[in-house]
Amino acid sequence: MAPGEEADIVIASLVRSNPNGSVGFLKEPERINVLLSRARHGLILIGNATHLLHAKSKEAQHHWGTVIGALERTGSVLRGLPAKCQVHGTEVLLNNVAAFQEHAPQGGCNLQCGKQLPCGHVCELHCHPNDLEHQHVKCAKLVYQFCSSERISGAANSYNPASLGHFKCRCSADSKEACPTCIEIRKISDSELAALQKLEQAKLEEQRRAAVKQAQLQSKIQQLEKEQQALEAARTARQQEVKLELEAARLEKEVSRQVHQGAKELAAWEAEERLKSQADTAAADVAAIDMAEQQAKEREARQAMLQKEAQLQEQLAAARKRMQVERANVDRQLQAIENKKARKQQEAALQQTNVAGGLTTQDFPTVGVARAIFSGLHSTAVRY
């Protein structure tokens, strides 16, 4: 309530009740005056009168002694909350929590309502003045009937109990309550559908793993092929490098001979030519020896490269063979999943037919024989 605001009826709690005798702001006359002057027609104070009369504050004892004394003289102090049933006129004094539950369990008195509900039954609740039109009351009477689903198709005009829906028991107020049997059938269908979806997810997961494995093997094959090409390129480059080194050495010696040859005296030319011939012969011998050593080194290098290339070929063949084995394993697993999925679908169809029909071999022998024949055919189909 805002400051200065009034109301026709005011219900206030005095909030102070403790063994210390403390009353807080209830000792202030201004607060007491505001509290007592807010109601136009009726004021209900809920509190501990004894505590206020024996408060530790003398000021509080004086003010509340005056107020409570005036109320007692007019018979306005009670040991509880007076209540009167708006429907039956019953009067009671509610002095504790249990009294509310005992005398006013539904907001009225503890007499039975007894009015007729829209369904035709009598309301068995205690008096409830807050809903006299029974808009929020549901009848708890049990009604037995068949649901609207048809189990067996038959003649339209012939009465056949088996052609009615599932037998169920419901509350009278719950006319639109779902059939428990239909709900159970739906749960079975949903469970089988979830199992099939799980199998499909497992199949997709296996396919994904197979694709990843295949991609990994393909990547490894490409890497080995690149390494093989790199080795071939290195061998070719080394051969060219050796040829260039030999040509450079020859030219270097030729240039060295031309530099040291010089213009010597014509008289010594013949001797020089002879010496040159001897030097050429020696150089040729050395070159032949170098060439033989170089060729031996090249042969060793080629042999090592050929051996490494053979090893790479073996690794490549082994990788391809492993990929083929992995692919065959994945195909077998996928086939097993497909077979399991087919069996689940057949079992789900047979189970749904049994539950929806509600038939047994004892009730209808011909249906039991047909089911036995269908089961035999199903097991034979699965075996083959």
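# Residues, cores and spaces: a Q&A

User: Is histidine 134 buried or exposed?
Analyst: Histidine 134 has 8% relative accessibility. The cut-offs are under 20% relative accessible area for buried and over 50% for exposed, with partly exposed in between (1.4 Å probe, protein chains only). At 8%, then, histidine 134 counts as buried.

User: What pLDDT do local features need here?
Analyst: Some ground rules: residues are numbered from 1 along each chain as its sequence is written, and side-chain values use heavy atoms, leaving out hydrogens and water. This is a predicted model, where totals for chains, interfaces and linings use all residues, side-chain atom pairs count only at pLDDT 80 or more, and local features need pLDDT of at least 70.

User: How many helices and strands does the protein chain have?
Analyst: Helices (H or I, at least four residues) and strands (E, at least two) are DSSP runs, numbered from the N terminus. From that end the elements go β-α-β-α-α-β-β-α-β-β-α-α-α. That comes to seven helices and six strands.

User: Where does histidine 134 sit, and what is its phi?
Analyst: Look in the loop between helix 4 and strand 5 (142–146) for histidine 134. Its phi is positive in a residue other than glycine, with a value near 60°.

User: What about valine 15: is it buried or exposed?
Analyst: Valine 15 also has a positive phi without being a glycine, at about 55°. You'll find valine 15 in the loop between strand 1 (7–13) and helix 1. With a relative accessible area of 53%, valine 15 is exposed.

User: How far apart are the end C-alpha atoms of helix 3?
Analyst: Helix 3 covers residues 58–73, which is 16 residues. The expected span is 1.5 Å times one less than the number of residues, so helix 3 should span 22 Å. The model agrees, because the end C-alpha atoms of helix 3 are apart by 22 Å.

User: Which helices do the buried residues of helix 3 pack against?
Analyst: The buried residues of helix 3 are Ala60, Trp64, Val67, Ile68 and Gly69. With contact taken as heavy atoms within 4.5 Å, their packing partners are helix 1 (29–36) and helix 2 (49–53).

User: Which residue follows helix 3 with a positive phi?
Analyst: Just after helix 3 comes a residue with phi near 70°. It is glycine 75.

User: How many residues are in the largest nonpolar core?
Analyst: A nonpolar core is a set of buried Ala, Val, Leu, Ile, Met, Phe, Trp, Tyr and Cys residues joined through side-chain atoms within 4.5 Å. Among the members of the largest one are Ala12, Leu14, Val23, Leu26, Leu52 and Trp64. The full count is 12 residues.

User: Which element gives the largest share of this core?
Analyst: Two elements give two or more residues to this core, helix 1 and helix 3. The largest share is four residues, and that comes from helix 3.

User: How many residues are in the other core?
Analyst: Apart from the largest core lies another, with Cys113, Leu117, Val137 and Cys139 among its members. Its size is five residues.

User: How much space lies in the largest pocket?
Analyst: On a 1 Å grid over the protein atoms alone, a cavity is a set of points where a 1.4 Å probe fits but cannot get out, while a pocket is an open set with protein on both sides within 12 Å along at least five of seven lines; lining residues have an atom within 4 Å of a point. Grid points are joined across faces, edges and corners, and a volume is the space filled by probe spheres set on the points. For the largest pocket that gives about 860 Å³.

User: Which element gives the most to the lining of the largest pocket?
Analyst: The lining has 29 residues, with Leu45, Ile46, Gly47, Leu78 and Gly80 nearest the pocket's centre. The most from one element is five residues, supplied by helix 3.

User: What is the volume of the largest cavity?
Analyst: The whole structure holds one cavity of 30 Å³ or more. Helix 5 and helix 6 (269–357) each supply at least two residues of the lining of the largest cavity, and the lining includes Gln228, Arg235 and Met305. Its volume is about 70 Å³.

User: Is lysine 203 buried or exposed?
Analyst: Lysine 203 lies in helix 5 (residues 180–261). Not counting residues up to four places away in sequence, lysine 203 touches Leu334, Ile337 and Glu338. Its relative accessibility is 18%, so lysine 203 counts as buried.
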